[in-house]
Amino acid sequence: MPDVPADFISGVELSRRLYRDAVEPLLARHFPGLPHTAALIGPGSEVLGFDTERSTDHDWGPRLQLFLATSDEDLFGKLDELLSSRLPPTIAGYPTSLVATEHGTRHLRHTTGRVQHGVVIASLSSWLSGHLGFDPLTTITARDWLATPTQTLAEVTAGAVHHDGLGLLHPARQALAWYPDDVWRYVLACQWQRISQEEAFVGRCGEVGDELGSAVVAARLVRDLMRLCLLLHRTYPPYSKWLGTAFARLPVAAQLTPALTAALTADNWHDREAALVIAYEAVAALHNNLGLTAPVDPRVRSYHNRPFRVLHAERFAQALLAGIDDPVLRALPVTGAIDQFVDSTDALSHRTRSRALGTALYPD
């Protein structure tokens with residue numbers, strides 16, 4: 001078990017105290033006037049505000065990024081030495097040492113002597129380019145937006161900035177705060193298209209006695225509806241572990257959760273479909289309330305002449321695509337951002353791979 005105090009505090013608050021109580025005083029004493037930015041962004045449940053006491057068992061602790069100007073890269077080693085030798089052994093009762101294990105993770109441990117600290121020292125531009133695959137302080141292309149998983153965008157726009165002495169991190173986060181309007185419409189259209197492609201299968205699987213297959217399709221549709229709601233609320237959907245937690249914080253969650261839960265727990269396809277119908281029509285109304293398109297009839301209807309009730313969600317996709325001005329986006333296949341058509345963690349979490357996939361699909 002990690003060496004932690006009984007009273008849990010969030011990782012963002014712990015990072016703030018690390019900077020305020022330890023790192024900032026050391027910089028002021030040994031490198032007075034050094035322009036720097038201090039923040040907690042990037043990977044980690046604490047960055048998204050989802051950490052709990054359970055999170056402390058690995059890769060969690062007093063962490064932050066200390067960003068310097070590119071011209072000050074010669075100071076990286078000196079700063080690392082300063083923090084290793086002068087940081088206090090604890091902050092708010094938590095060890096400042098994160099000790100590496102043979103499993104590739106780091107664990108909080110009380111140590112003596114030099115601190116194995118959790119401060120990443122880097123130039124801001126190189127860190128942003130490495131994490132995103134592009135520099136958000138320059139022109140952000142449609143390919144940049146679409147080749148970047150929403151989890152990654154959330155990691156840079158969430159968290160906390162403790163001090164922005166370089167004056168660049170706040171503008172970078174503002175540039176990434178949400179998709180440009182045409183990109184947003186395109187991503188929403190592709191999410192509706194995903195729903196359209198499978199909404200009839202809940203009944204079709206059930207009709208041939210495949211209740212398990214029907215339930216699997218329903219679960220996929222529930223996931224897509226949850227992601228769609230987050231996108232409609234201008235919130236980057238996180239990866240699967242935190243999707244439900246993020247969805248639960250939306251204003252529409254109280255209305256939709258009973259229907260989505262019923263769709264997942266139903267033991268027959270008729271009840272499963274009935275629960276999804278409630279969800280479809282509620283999300284369709286949410287779409288219409290945004291005014292991104294002319295109102296689209298939010299009522300379900302039969303799937304051609306078959307006895308399955310569907311929204312025909314492609315109607316919403318088509319309405320959104322018709323409102324896109326950018327000819328590049330209008331020419332794209334209705335596949336969407338990378339995490340709308342790629343479902344491999346090893347692809348999405350590897351920036352070179354995700355960028356390569358984007359380059360293959362999205363034209364200049």
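These exercises work through side-chain contacts in a predicted model.

**Exercise 1.** Find out how many disulfides there are, and explain the count for Cys 190 and Cys 229.

*Solution.*
- Start with the rule: two cysteine sulfur atoms must lie within 2.5 Å.
- Take Cys 190. Its closest cysteine sulfur is in Cys 229, 17 Å away, so the gap is too far for a bond.
- Now check burial. Cys 190 has 1% relative accessibility and counts as buried. Cys 229, at 0%, is buried too.
- The count of disulfides is zero.

**Exercise 2.** Work out which parts of the chain the salt bridge between Arg 114 and Glu 81 ties together.

*Solution.*
- The two side chains meet at 3.0 Å, N to O.
- Place each partner. Arg 114 lies in the loop between β6 (106-108) and β7 (118-123), and Glu 81 in helix α2 (residues 76-86), so the pair ties together parts 33 residues apart in sequence.
- Add exposure. Arg 114 is partly exposed at 46%, and Glu 81 is partly exposed at 38%.

**Exercise 3.** Locate two salt bridges that involve helix α7, those of Asp 181 and Asp 224.

*Solution.*
- Asp 181 pairs with Arg 185, with the closest N and O atoms 2.9 Å apart. They sit four residues apart in helix α7 (residues 181-198), about one helical turn.
- Asp 224 pairs with Arg 194 at 3.1 Å. Asp 224 belongs to helix α9 (residues 211-232) and Arg 194 to helix α7, so this pair links parts 30 residues apart in sequence.

**Exercise 4.** Describe the surroundings of Trp 184.

*Solution.*
- Trp 184 forms one aromatic cluster with Trp 145, Trp 178, Tyr 179 and Tyr 236.
- The charged end of Arg 234 sits over the Trp 184 ring, 5.1 Å from its centre.

Notes. Residues are numbered from 1 along each chain as its sequence is written. This is a predicted model: local features need pLDDT of at least 70, side-chain atom pairs count only at pLDDT 80 or more; totals for chains, interfaces and linings use all residues. Side-chain values use heavy atoms; hydrogens and water are left out. Rings of Phe, Tyr and Trp (its six-membered ring) pair if their centres lie within 6.5 Å; planes under 30 degrees apart count as stacked, over 60 as edge-to-face and the rest as tilted. A charge sits over a ring if NZ of Lys or CZ of Arg is within 6 Å of the ring centre and within 35 degrees of the ring normal. Buried means under 20% relative accessible area, exposed over 50%, partly exposed in between (1.4 Å probe, protein chains only). A salt bridge is a side-chain nitrogen of Lys or Arg within 4 Å of a carboxyl oxygen of Asp or Glu.
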